[in-house]
Each structure stands twice: as structure tokens, then as C-alpha cells.
Amino acid sequence: MHVRTLTGHLAAAALVLMSLPLLSGEAVAAGPPGAAPDAPAAARVLTYDASGSAEFRSAVDRGAAIWNESVEGAQLRPAAAGQRADIRVLADDGWPRALPTSLGNGTVWIGRQAVDQGYNTVRISSHELGHILGLPDRKPGPCSSLMSGSSAGVPCTNPYPNAAEKAEVESNFAGSAGSPSAVARSVPVLVED
């Protein structure tokens, strides 16, 4: 009888201690056994192939790194040799553009026409990858808006998304980790800047 009562009191104390974060207003996410209770949801990893981006390879890698620093819901990684990439990045003589086929998938062209006019290659790369992450153009716009694209002018070299753009990408990828087709467009839309 004494053991049963002691066990009951210990169980009750453990229940109270475990529920304290909930009583304090702190949200605690339930996860798999052994996982940290406050671990963020896994990011959806998107692979990119920049082998066709010619002289813009370092700008493409930097644009991907900027998105990786800016958002948690999606992470851009170079595709391994022989791996089919979610995003293809190419260089051509036209104007920069993106053709998203679904959220996190598509083709980006880093056009030499804009580079020849003086536009920043890292901003171009980051902007075009933003389209693949589900962001539209926001023209005209200030330099502080990455998705303002060329309307911010040649002097604008800001390659970073603003708070609203980051939040939109996080919203686009919320709950889509591990689900490549969580959000898909029915028709590809070419986005020319």
C-alpha cells in the first residue's frame, strides 16, 4: 500500500513538472522519442545544379547561401554528381528569368544582358532563386526588397530578402519538409525580370 501511494505521488509530481511549460504559455512541440522538445521542423532540402551557369557559378552558390542564412523552411544544396536536381541554373545571353514548375522546382537563367548593363550577379541569382521559392516580382520596389528586381536600379546590390519575403518563403514551405509536391503549381509560369 505504501509503495502504491508513493508511486502515485511520484507520477503526479512528474505530470505537474511536465505541464509547467504549458501553464507558463510556452508552446512545446511533441516529437519523436529522443528528439529535443524545441527542435525546429526539418527544412525541405532543394538541390540545384549550377554546372551550366558558366561564369556565374560563384554568384549562384552565394545566392543559395543567402537563402540558407535567411530561412529555415527550405535549404538549397548543390546536387551530388549524377543526382537529378530540383533546380537547374543556366547562363545565357538574354535577360535573367525563372521558370518555376512547382514550389522548389524549376529552371533559372542568369542572363548576361542584365550583367552587361551593370546589375549585380549575386542579387540576380538570389532574386531568381526567390521565384523558385515561390516569390513573385514586386515592381516597382525599393532596393530593400529583393523581389523588386531590376526596378531598384543598377546601383542596388542588395542580395538579401527583407522580413516580409523571408516570412512568405517560410509560409510557402511550412509543413512541406520531406514532401516535394506539398505545394505545386498546375502550370509553369515564366518569370522574366
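What percentage of the 193 residues of the protein count as buried? In this predicted model, the share of residues that count as buried is 39%, while the accessible surface of the protein comes to about 10400 Å², with 60% of that area belonging to carbon and sulfur atoms.

The secondary structure consists of 5 helices and 6 strands, and along the sequence these elements follow the pattern α-β-α-β-β-β-β-α-α-α-β. If one takes the contacts between residues at least 6 apart in sequence, 62% of them join residues at least 24 apart.

One helix pair can be followed in detail. Helix H2, which spans residues 57–70, and helix H4, which spans residues 121–132, have axes that come within 8 Å and cross at roughly 55 degrees; the two helices are therefore oblique to each other, and their crossing is right-handed. On the H2 side the contact is made by Ala59, Val60, Arg62, Gly63, Ala64, Ile66 and Trp67, and on the H4 side by Thr121, Val122, Ser125, Ser126, Leu129 and Gly130. Sorted by character, the residues of this contact of H2 with H4 comprise 7 nonpolar, 5 polar and 1 charged.

A single residue offers another point of entry, namely tryptophan 95, which lies in the loop between strand S3 (87–92) and strand S4 (97–102). Tryptophan 95 counts as buried because its relative accessibility is 17%, and the cut-off for that class is under 20%. The C-alpha atom of tryptophan 95 is separated by 5.3 Å from that of glutamine 113, although these two residues are 18 residues apart along the chain.

Conventions:
Residues are numbered from 1 along each chain as its sequence is written. This is a predicted model: local features need pLDDT of at least 70, side-chain atom pairs count only at pLDDT 80 or more; totals for chains, interfaces and linings use all residues. Side-chain values use heavy atoms; hydrogens and water are left out. Helices (H or I, at least four residues) and strands (E, at least two) are DSSP runs, numbered from the N terminus. Buried means under 20% relative accessible area, exposed over 50%, partly exposed in between (1.4 Å probe, protein chains only). Contact means heavy atoms within 4.5 Å. Accessible areas come from the Shrake-Rupley method with a 1.4 Å probe; for residues, only the protein chains shown count as cover. Axes are lines fitted to C-alpha atoms, for helices over the stretch in contact, and angles run from 0 to 180 degrees between N-to-C directions. Angles under 35 degrees count as roughly parallel, over 145 as roughly antiparallel, 65 to 115 as roughly perpendicular and the rest as oblique. A crossing is left-handed if the near helix is turned anticlockwise from the far one by less than a right angle, and right-handed if clockwise. Ala, Val, Leu, Ile, Met, Phe, Trp, Tyr, Cys and Pro count as nonpolar, Asp, Glu, Lys and Arg as charged, and the others, Gly among them, as polar.
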